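Reader: I've got this one open on my screen and I'd like a close look at a single part of it. Could you pick a good spot and walk me through what surrounds it?

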Amino acid sequence: MLRLSVLCFLVFSYLLIYMHTSTAEQVKLDIKEHRLENGLRLLMHQDHSSPIISFQVWYDVGSRNERPGITGISHLFEHMMFKGSRNVEPEEHSRIIQRNGGTDNAFTTEDMTAYFENLPSSQLELAVKLEADRMAHLRLTAETLESERQVVKEERRMRVDNSLSGKLNEGLYSATFTRHPYRWPVIGWMSDIDAITLDDCNSFYSTHYAPDNSTVIILGDIDFDETVSMVEKYFGHIPSAERQDELIPMEEPQNQERHKDLYVDTRFPWLAVAYHIPEAAHDDIPVLELIENILTEGRSSRLYRKIIYEDQSALSVFASVDKYKDPGLFVITVRSIKQGHTPDEVASVINESLEQLKTEKVTERELEKARNQMETNLVFGLQTNFVRGIRLGFSLARTGDPLGFFKNLEKYRHTTTGEIQKVARKYFTPENRTIVRLLPKGEKPETVKSTSQ
Amino acid sequence: MAKIINSYFCRYVLPIILIPFSILVNYRYLQGAGMDEGNVVSMKYQKAKLDNGLRIIMVEHHELPVVAIDLLVKAGSAHDPQEKSGLAHIAAQLLREGTRSKDSLEISEEIDFIGGSLSLDCGYDSTSITTTALVKHFKTILDLVSEVARFPAFQSKDMEFHRDKAITSVLREKDDKASIAGRHFSEMLYGDHPYAHPPIGTVEGLKEISKNEIIHFHKTNYLPNNSILTVVGDIDPANTLAAIKETFGDWKKGKIQELILPPIPEINGYKIRIIDKPDLTQTEILLGHPGITRNDPDYFQVMLMNYILGRGPVSRLYTRIRVEKGLTYGANSRFAMRKLQGPFYIRTYSKNETAIETLRLVLDELKNLTSNGVTKEELDSAKSYFVGHFPLSMETPAQIAAKIIDQEFYGLPEDYLDKYLDNIKAVSMEGIDRAIKRVLDPGNIVITLVSRAEDIMEEAKGLGEVDLKGL
């Protein structure tokens with residue numbers, strides 16, 4: 001495996017990867033790397049097919065780096081990045097970008113925070129200038145913090161407090177994690193959003209928003225040399241920051257099944273069945289992704305067929321594999337369980353299906369189907385500069401290797417039905433399981449037994 | 001991507017619209033006329049028509065070995081018979097549940113095995129069968145599209161399954177305040193017109209649909225001379241056209257019945273409805289009135305005006321309600337353009353305590369725009385956004401195809417894409433003023449509020465008479 005860190009003594013490190021699809025077709029993805037003296041890492045990908053670029057800055061900070069009391073600061077701070085810097089008025093950033101034909105936005109996750117501008121390629125310098133200005137000279141004021149705090153609280157009300165999927169997700173992670181920061185939501189607890197101070201923001205900014213904690217990814221119609229000089233010109237002078245090693249508490253292995261019920265306004269219960277799995281860089285992750293496909297990808301998948309078509313017990317079922325920097329979850333979610341059916345009945349169908357993976361090997365055809373699905377999804381995901389950058393950035397942030405997602409294709413191809421069985425046995429155990437249900441309010445028992453952890 | 005959305009917290013909701021992938025042979029290269037030198041978008045597409053009337057669009061794009069096929073049938077939920085709301089949607093869903101030669105599982109297994117996708121989307125005016133795969137599977141998916149579009153089996157058990165699924169889907173809309181608002185808003189806006197319900201239909205309508213009506217609907221609407229077939233991706237047009245002829249050449253044309261719809265009712269004054277959902281701490285606000293048709297002559301004026309009013313992070317609504325007041329996370333306006341007048345609407349939300357204050361600000365912005373128009377600076381910024389953004393809006397073959405399908409489906413001029421940028425640049429202050437005066441009507445609007453009614457009722461009454469509804 002190519003490790004970028006080994007190669008960075010070169011002016012350019014050139015990484016090229018070809019993907020051989022099962023026929024003669026090839027898909028390639030090449031990136032060049034350059035590192036500034038202040039530690040800023042630059043990844044570039046050329047594509048001259050259209051006069052456009054995607055410019056992205058990835059900061060290696062997310063809700064994982066927070067502590068109780070100021071949960072949600074990564075995300076609130078991301079909003080503050082639009083509130084003006086030395087040469088840019090509040091909210092002016094997006095105005096300038098749009099006036100030049102671009103769009104911009106940002107997002108925060110558990111593991112990282114990213115900012116991007118998608119622009120005509122003639123406007124590359126504009127994006128470089130604007131992003132450098134707010135990395136180096138953000139203006140943080142009590143006034144803008146106050147108004148943005150209100151905006152974020154509305155965002156929380158929209159996404160979590162008044163949303164079934166938000167409630168289920170928050171309930172699930174707070175039940176499965178007891179020590180690790182993944183136990184709180186990226187948007188933070190409402191009381192913490194209220195409590196974050198300007199000082200907290202200032203110290204968060206000086207600690208995490210530094211060139212040696214970030215990666216710039218530029219894709220599209222660019223010239224490598226020009227791009228490097230431009231990035232050097234605007235980012236080169238920004239000093240790196242002193243950061244102490246963070247101690248992130250790791251989760252102890254779960255040794256007993258956990259349950260949590262949330263009572264909500266609905267006629268149709270929801271269900272999540274979750275198992276702890278390792279971090280994104282672990283070799284078992286690609287195998288779990290194949291399992292995810294076999295269970296719920298497409299209408300011929302095992303659980304879709306059984307729950308949606310045969311039992312007709314719910315409106316949707318899907319599985320997901322967290323690919324996080326630290327160990328995350330494998331989750332099967334069932335939405336809107338129909339009248340005449342119960343979450344327990346659906347949970348036991350899921351359990352039977354997982355037990356079957358442990359006792360019988362999947363067929364070669366099912367495995368081949370899952371591989372084909374992974375491969376096609378990957379190719380379709382390379383259609384735009386923006387999404388290519390997003391894939392590289394996530395892969396880098398979570399596994400340390402920007403091309404890791406591409407290299408996984410080899411792993412999918414070499415995984416055997418025996419390994420699938422082995423991985424299923426390893427993780428799908430009762431003591432590693434957590435079941436969270438959203439139940440109709442009317443069914444709430446008079447005296448609620450504390451079933452949650 | 002949908003699966004990881006949960007952990008994304010974007011700065012603002014980015015309206016990423018997932019456009020369905022959508023011979024007279026003449027090659028066309030589109031150039032961004034008048035743009036900076038070098039800022040040229042090239043796209044290769046061809047149109048053709050088979051003898052049976054099937055229109056064909058082919059877009060070549062060789063960056064990746066992928067292909068997408070989209071068969072658009074010009075019949076959607078607007079074609080539902082009276083009292084049978086949801087029929088077109090169920091008919092579409094049933095296409096993949098079995099054909100003369102394949103059962104439901106075989107169809108799913110075939111598309112899943114090659115890693116492809118097959119989806120059936122019923123809209124108001126049309127239905128799309130969309131399928132994607134690596135290009136080496138082109139023939140497989142082309143045959144599959146033909147098979148499901150032309151030879152569905154329509155079995156009773158599958159029909160009952162989809163009827164039940166659709167009814168549950170309609171009922172569970174009550175779990176989601178945005179869906180509740182959308183359904184009530186359309187009902188209040190459109191009365192007896194079929195745009196009054198989302199394509200999935202109503203519980204009452206779904207219960208009434210019979211198998212024979214579905215068979216009849218399919219027979220009279222799924223016709224080659226009522227359809228547009230689009231193929232985009234890593235293709236060779238000559239071979240593609242030959243394959244299409246072979247697969248669809250024997251599809252028999254038929255007589256297309258003209259669709260006659262009731263008029264869209266007029267709105268007088270404020271029509272306010274509060275839908276009571278007692279668990280809500282945040283009020284969903286949806287308001288608007290009938291907008292314009294897709295082929296409206298003022299399309300470009302309206303597009304620029306709407307950008308200034310409520311699209312994206314530089315718009316007036318965003319600035320006033322979010323940036324200056326911190327009352328919401330999102331405030332957007334949109335013209336949903338259809339064959340007939342789709343709605344013009346504004347959507348926002350705020351905690352119950354400030355919901356009516358927020359609503360009043362929206363109404364003020366709307367009145368202000370109608371009375372005072374836009375500034376020259378706003379118009380120039382809007383134009384430079386759309387002109388500069390053009391190559392970004394044409395990055396993928398699907399984006400290119402969507403624009404060509406629009407041109408074909410809505411009967412826009414043949415040179416629509418060639419003149420696209422010129423049309424934007426040509427919008428004048430007078431033109432946009434005229435469009436605002438003609439299109440916006442802030443005194444006559446429908447207002448839908450989904451909330452804990454007791455929190456907002458008294459204040460809402462200050463705006464006018466309020467109709468209170470339960471879930």
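Author: One bit of vocabulary before we start: helices (H or I, at least four residues) and strands (E, at least two) are DSSP runs, numbered from the N terminus. Keep in mind, too, that this is a predicted model. Counted that way, chain A has 16 helices and 12 strands. Its radius of gyration is 23 Å, close to the 22 Å that the globule rule gives for 453 residues, so chain A is as compact as a globular protein of that length. Along the principal axes, the C-alpha atoms of chain A fill a box of roughly 65 × 60 × 40 Å. Of its 453 residues, 52% count as buried. Among contacts in chain A with a separation of 6 or more, 78% are between residues 24 or more positions apart.

Now to the place where chain A and chain B touch. Chain B puts 64 residues into the contact and chain A puts in 65. Several elements of chain B supply at least two residues each to that side, including strand S1 (9-10), helix H4 (156-172), strand S11 (343-351) and helix H12 (376-389). H4(B) gives the most, with 7 residues. By class, chain B's side divides into 27 nonpolar, 21 polar and 16 charged residues.

The spot I'd pick for you is H12(B), one of those contributors. H12(B) has 14 residues and reaches 20 Å from its first C-alpha to its last, close to the 20 Å expected at 1.5 Å a residue. Leu379(B), Ala382(B), Tyr385(B), Phe386(B), Val387(B) and Gly388(B) are buried in this helix. And what covers them? From chain B, the cover includes helix H9 (299-310), helix H14 (420-425) and helix H15 (429-439). Chain A pitches in as well, with helix H3 (92-99) and strand S6 (113-120) among the covering elements.

Stepping back to the rest of chain B, the domain assignment gives domain 1 (17-248) and domain 2 (270-469). Their centres, taken over C-alpha atoms, are 27 Å apart. Between them, 34 residues of domain 1 are in contact with 33 residues of domain 2. On domain 1's side, the elements giving two or more residues are strand S3 (55-60), strand S4 (66-73), helix H5 (177-190) and strand S7 (227-233) of chain B. H5(B) gives the most there, with 9 residues. That side of domain 1 has 21 nonpolar, 10 polar and 3 charged residues.

Notes:
Residues numbered from 1 in each chain as written. Chains lettered and ligands numbered in written order. Predicted model: local features only at pLDDT ≥ 70, side-chain atom pairs only at ≥ 80, totals over all residues. Domains from an automatic or database assignment. Contact = placed C-beta atoms within 7 Å. Nonpolar A, V, L, I, M, F, W, Y, C, P; charged D, E, K, R; others polar. Rg over C-alpha atoms; globule rule 2.2 N^0.38 Å. Buried ≥ 20, exposed ≤ 12 C-beta atoms within 10 Å, placed from the backbone. Expected span 1.5 Å × (residues − 1).
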